[in-house]
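Subject: Structure for your review: salt bridges

Dear colleague,

Please find below the structure I am handing over to you. I would be grateful if you could look through it alongside the notes that follow.

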Amino acid sequence: QVQLVESGGGLVQAGGSLRLSCTASGRTFSNYAMGWFRQAPGKEREFVSAISWSGVRKYYADSVKGRFTISRDNAKNTVSLQMNSLKPEDTAVYYCAADQGPASSDYAAYDYWGQGTQVTVSS
């Protein structure tokens, strides 16, 4: 089992920045690829970003490319998502997830999920 806890969400104006963090406990964090997903009210959960276990490979949804940066610190069991130039359409609950396989944009590939953190971007 892997337990994931997200933090760092909040309310920010359009154009602002937030940094989300996800702290893992349980099994060896460095064995897992990590991903960030989000879900807005009335919409399906969508892929935001993913990072390989080593941190070498990083993937982004087109909607966030150039604005969001994913990183991980295996020594601290954390994965972070730096979000800049935020837009109202970024408003959603953001979830981190752990995947025993390769980093993926498919939410079905992920084995463990956090409880989510709310991000609200006002216009």
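The notes below concern the salt bridges and the surroundings of their partners.

Please bear in mind that this is a predicted model. A search covering the whole structure returned four salt bridges. Three of the pairs are described here in turn.

Glu46 and Arg38 are joined through their side chains, with an N to O distance of 2.5 Å. The two partners can be placed by their accessibility: Arg38 has a relative accessible area of 5% and is therefore buried, since that is under 20%. Glu46, at 35% relative accessibility, counts as partly exposed.

A salt bridge also links Asp90 with Arg67, whose closest N and O atoms are 2.8 Å apart. Asp90 sits in the loop between strand E8 (78-83) and strand E9 (92-99), and Arg67 in the loop between strand E6 (58-60) and strand E7 (68-73), so this pair ties together parts that are 23 residues apart in sequence. Asp90 and Arg67 are both buried. Through salt bridges that share partners, Arg38, Glu46, Arg67 and Asp90 belong to one network.

The third pair is Lys65 and Asp62, whose side chains form a salt bridge at 3.1 Å, N to O. Asp62 counts as exposed because its relative accessibility of 68% is over 50%.

In examining the model, you may wish to begin with the network of Arg38, Glu46, Arg67 and Asp90.

With kind regards

Definitions and conventions. Residues numbered from 1 in each chain as written. Predicted model: local features only at pLDDT ≥ 70, side-chain atom pairs only at ≥ 80, totals over all residues. Heavy atoms only, no water. Buried < 20%, exposed > 50% of the residue type's maximum accessible area, 1.4 Å probe, protein only. Helix = DSSP H or I, 4+ residues; strand = E, 2+ residues; numbered from the N terminus.
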